[in-house]
Amino acid sequence: MPLSPEDQRIRILRTAYVIYYHSNLDKIRKFYEDFGLAIAEERQDEIFFKGYGTEPLSTWPGGRRTGGAGSAAARTSAIEKLDGPGGGEVVTLTDPIGFNVLLVHGQTPKEAETPEQPRLVVNYGDAKPRKGEFHRFKKGAAPVHRWGHYGVTYPEGRYQDMYDWYTKTLALAPSDVVYKDGEPICCFFHIDRDLEYTDHHAFFFKPCKPGAEPAVAHSAFEVHDFDVQQLGHQYLESQGHELCWGVGRHVLGSQVFDYWFDTSKFIVEHYADGDLVNSKTEVSTVQAGPDALAIWGPPVPPVF
């Protein structure tokens, strides 16, 4: 059943890309290629990166500062051309604490590429369907399929302002709400396409650390599966990049996660095997704390 015509929220098809700004594009090019992204287009002061899926771009770095994030919208009153791979039109909204949200319309998908990533047949203790066949893996970077989600932090006292704006302006709906001392402090939102299943979260927000300014918390990029993710983890380590947290398994969304600092200290994540939800999925509530973040993995770092 489609969303009601009376529902005036802006319809969203998917998250489209994220923009980061950096002071050293040579270093950031090296990092994101090691991270598993490919270059879609490079200009004098911009690099557009892509995954191997149909989305024309995943991340768009320029000069250093935190940028905005784009969502592909089914309908919007576009006001300017999008000067990047895939083209289209874009209008920029501003949320209650000043973050830019870019609504993109008319972007042209690219042809999907097909890296060698077999869908594994897994043998279990009591069921062994893989007979006479072998798992063989190639070392190297974890190819990124697409950009999946991002999150931001908000200052004290602004939770409800953020919740109301994102759920009344955009077709987002809560999947999980995290509580502390009886009050909601963090929310994970999926794109509301009624009965159609979408990622457990395309966006989230959480409170700032004491004394910190609002910022992008992290951006997340989907990879094929756990083995590809682990191989990518080893490759990033071998190239001397800085690990943030991982590998582990989240509770909310269930993803296998692996977080890294890029060369500008922005946090980016590889993830695999995330949950899908729809309008019939019950919204859950959990209590804040380490047990809400991971069911297994390394200790939760202070940055989280």
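Two strands are said to pair if DSSP finds at least two bridges between them, and this convention underlies the description of the strands in the structure above, which is a predicted model.

**A hairpin and its neighbour**

In the hairpin formed by S6 and S7, five residues lie between the strands, and Gly-98 takes a positive phi near 105°. The two strands of this hairpin, S6 and S7 (residues 100–105), run antiparallel to one another over six bridges, and Thr-94 has Asn-100 in S7 as its bridge partner. S6 (residues 89–94) also pairs with S5 (residues 80–81), again in the antiparallel sense, over two bridges; here Glu-80 stands opposite Val-90 of S6.

**The ten-stranded sheet**

An open sheet of 10 strands, with mixed pairing, follows the order S18-S9-S10-S12-S8-S13-S16-S15-S14-S19. Its edges are S18 (284–287) and S19 (294–296), each of which pairs on one side only, and neighbouring strands are turned by 30° against each other on average when direction is ignored. Within this order, S8 (residues 146–154) and S13 (residues 216–222) pair in the antiparallel sense over six bridges, with Glu-222 in S13 as the bridge partner of Arg-146.

Two helices lie against these strands. Helix H1 (residues 25–35) lies across S13, S15 (256–261) and S16 (267–272), and runs at about 15° to S16. Helix H2 (residues 159–169) packs on the sheet by touching S8, S9 (172–180), S10 and S12 (203–207), and its direction makes about 15° with that of S10.

**Nonpolar cores**

In soluble globular proteins, nonpolar side chains tend to be buried together. In this model the largest nonpolar core has 49 residues, and those with the most contacts inside it are Tyr-32, Phe-35, Leu-170 and Phe-205. Strand S10 (residues 183–191) supplies the largest share of this core, namely six residues. A second core, separate from that one, has 10 residues, including Phe-48, Leu-82, Leu-102 and Val-104.

Once its neighbours within four places in sequence are left aside, Leu-170 is in contact with Arg-9, Ile-10, Ile-12, Leu-93, Val-101, Leu-103 and Trp-165.

**Buried residues: Thr-198 and two cysteines**

The table gives the relative accessible area of three residues.

| Residue | Relative accessible area | Class |
|---|---|---|
| Thr-198 | 10% | buried |
| Cys-186 | 9% | buried |
| Cys-187 | 0% | buried |

Thr-198 belongs to strand S11 (residues 198–199), and it counts as buried because its relative accessible area of 10% falls under 20%. The side chain of Thr-198 reaches the backbone oxygen of Ile-191 at 2.9 Å. Apart from neighbours within four places in sequence, the contacts of Thr-198 are His-190, Ile-191, Arg-193, Asp-275, Leu-276 and Val-277.

The structure holds zero disulfides. For Cys-186, which is in no disulfide, the nearest cysteine sulfur is that of Cys-187, 7.2 Å away. Why is the sulfur of Cys-187 not in a bond with the closest cysteine sulfur, in Cys-186? The separation of 7.2 Å is too far for a bond, because a disulfide requires the two sulfur atoms to be within 2.5 Å. Both residues are nonetheless buried, Cys-186 at 9% relative accessibility and Cys-187 at 0%.

Terms used:
Residues numbered from 1 in each chain as written. Predicted model: local features only at pLDDT ≥ 70, side-chain atom pairs only at ≥ 80, totals over all residues. Heavy atoms only, no water. Core = buried A, V, L, I, M, F, W, Y, C linked by side-chain atoms within 4.5 Å. Buried < 20%, exposed > 50% of the residue type's maximum accessible area, 1.4 Å probe, protein only. Helix = DSSP H or I, 4+ residues; strand = E, 2+ residues; numbered from the N terminus. Contact = heavy atoms within 4.5 Å. Axes fitted to C-alpha atoms, helices over the stretch in contact; angles between N-to-C directions. Polar contact = N/O pair within 3.5 Å; in protein donor to acceptor, adjacent residues only side chain to side chain.
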